[in-house]
Amino acid sequence: MKRTVLILAALLLGACVYGEPDRYRVRVVKDYPHDVDSYTQGLFFWDGGLYESTGQWGKSTLRKVNLTDGKALKRIDFDRKYFLEGSAVLDGKLYLLTWTNKVAFIYDASALKYVRTCKYEREGWGLTTDGSRLIASDGSQNLYFMDSSLRTLKVLKVTLNGRPVKYLNELEWVDGRIWANVYLTNMIFVINPDSGEVESVIDCDGLLPDKLRTRDTDVLNGIAYEPQSGKIYLTGKNWPRLYEVELRED
């Protein structure tokens with residue numbers, strides 16, 4: 001909590017010069033079970049299904065998840081030498097980043113069948129797509145737009161009130177904007193994909209009640225947008241719940 005407050009205060013120092021971004025909080029609409037062994041790295045809907053990639057050495061998985069009960073309908077376990085990160089589907093191929101292994105895996109999205117392994121030039125953190133390009137984070141202030149061969153097409157520097165921001169993590173494309181978890185905080189930034197400016201800050205403090213936290217509960221990380229319904233779902237690393245949420249002005 002203290003870290004979140006300090007980071008937010010530092011980032012908003014320039015508000016009087018650049019204009020303060022819109023600020024929101026989240027309201028829980030409905031909650032669902034979430035596997036507490038899921039160290040959530042990527043979370044997204046595709047073709048009506050919910051997909052999740054999970055990290056940690058020896059525990060990294062790719063799952064197609066039943067939203068209602070949180071159980072895996074399909075699951076792929078990865079060798080303990082791999083630490084999985086973000087995931088996304090583009091043109092029927094499911095892309096999976098690794099943290100420091102410098103490789104990415106590609107699967108056929110429909111069958112969850114392995115296609116190939118590709119070199120990846122940077123640390124893998126978050127991954128999403130705008131429908132024509134992949135968009136990745138690496139924990140810095142940069143977002144990387146890539147083609148289907150993982151070739152970098154564009155590097156976008158993200159700023160809030162004119163200041164670069166770091167620790168951009170799990171990503172989701174939502175209605176023409178990039179939503180990004182900010183690692184080690186309860187904040188989500190809504191980013192303009194053309195300018196890189198943070199247009200909105202979403203405060204998720206208190207989303208997971210203290211009574212549901214254990215010593216294994218980790219940070220907020222996991223944004224899934226269901227485009228047919230327009231619903232937003234949030235969870236975190238080793239959280240026992242996944243939440244459907246709405247935004248309200250702060």
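Contact here means heavy atoms within 4.5 Å. The legends below describe a predicted model.

**Figure 1. The whole chain, built from two helices and 22 strands.**
The chain has 250 residues, and its radius of gyration is 17 Å. A compact globule with that number of residues would have a value near 18 Å, so the two agree. Along the principal axes, the C-alpha atoms fill a box of roughly 50 × 45 × 35 Å. Buried residues account for 54% of the chain. The accessible surface is about 11500 Å². Carbon and sulfur atoms hold 46% of that surface. Many contacts span long stretches of sequence: of those between residues at least 6 apart, 51% join residues at least 24 apart.

**Figure 2. Gly-222 in strand 20.**
Strand 20 covers residues 220-226. Gly-222 has 0% relative accessibility; the limit for buried is under 20%, so Gly-222 counts as buried. What does Gly-222 touch, leaving aside residues up to four places away in sequence? Its contacts are Thr-40, Leu-43, Glu-170, Asn-181, Tyr-233, Leu-234 and Thr-235. Gly-236 lies 14 residues from Gly-222 along the chain. The C-alpha atoms of these two glycines are 5.7 Å apart.

**Figure 3. The open sheet of strands 2, 3, 4 and 5.**
Four strands form this sheet, in the order 2-3-4-5. Their pairing is antiparallel. Strand 2 (40-46) and strand 5 (72-77) are the edge strands. Each has a single partner strand, so one side of each has no neighbour in the sheet. On average, neighbouring strands of this sheet are turned by 15° against each other, direction ignored. Within the sheet, strand 3 and strand 4 are joined by five bridges in the antiparallel sense. Ser-53 faces Leu-62 of strand 4 across this pairing. In a regular strand, side chains alternate between the two faces of the sheet.

**Figure 4. Arg-63, a buried arginine in strand 4.**
Strand 4 runs over residues 61-65. Is Arg-63 buried or exposed? Its relative accessibility is 4%, so Arg-63 counts as buried. The side chain of Arg-63 makes a polar contact of 2.8 Å with the side chain of Ser-38. A polar contact also links the side chains of Arg-63 and Thr-61, again at 2.8 Å. Beyond residues up to four places away in sequence, Arg-63 touches a list of residues that includes Asp-35, Asp-37, Leu-50, Tyr-51 and Glu-52. Thr-54, Ala-72, Lys-74 and Arg-75 are also among them.

**Figure 5. Two loop residues with positive phi, Gln-56 and Asp-91.**
Gln-56 sits in the loop between strand 3 (49-54) and strand 4. Its phi is near 90°, a positive value in a residue other than glycine. Gln-56 has a relative accessible area of 28%, so it is partly exposed. Asp-91 belongs to the loop between strand 6 (84-90) and strand 7 (93-98). Asp-91 is not a glycine, yet its phi is positive, at about 50°. How exposed is Asp-91? Its relative accessible area is 63%, which means that Asp-91 is exposed.

**Figure 6. Strand 19 and its partners, strand 1 and strand 18.**
Strand 19 holds six residues, 198-203. Five of the six are buried, so the strand is largely enclosed by the rest of the structure. Strand 1 (residues 22-33) pairs with strand 19 in the parallel sense, over four bridges. In this pairing, Arg-23 stands opposite Val-201 of strand 19. Strand 18 pairs with strand 19 in the antiparallel sense, over five bridges. Here Ile-191 has Val-198 of strand 19 as its bridge partner. Strands 18 and 19 form a hairpin with six residues between them. In that hairpin, Gly-196 takes a positive phi near 85°.

**Figure 7. Asn-186, a buried loop residue.**
Where does Asn-186 lie? Its place is the loop between strand 17 (177-182) and strand 18 (187-191). Its relative accessibility is 16%, so Asn-186 counts as buried. The side chains of Asn-186 and Asp-205 are joined by a polar contact of 2.5 Å.

Terms used
Residues are numbered from 1 along each chain as its sequence is written. This is a predicted model: local features need pLDDT of at least 70, side-chain atom pairs count only at pLDDT 80 or more; totals for chains, interfaces and linings use all residues. Side-chain values use heavy atoms; hydrogens and water are left out. Buried means under 20% relative accessible area, exposed over 50%, partly exposed in between (1.4 Å probe, protein chains only). A polar contact is a pair of N or O atoms within 3.5 Å; within protein, one must be able to donate a hydrogen and the other to accept it, and residues adjacent in sequence count only if both atoms are side-chain atoms. Two strands pair if DSSP finds at least two bridges between them. Axes are lines fitted to C-alpha atoms, for helices over the stretch in contact, and angles run from 0 to 180 degrees between N-to-C directions. The radius of gyration is taken over C-alpha atoms; the globule rule is 2.2 Å times the number of residues to the power 0.38. Accessible areas come from the Shrake-Rupley method with a 1.4 Å probe; for residues, only the protein chains shown count as cover.
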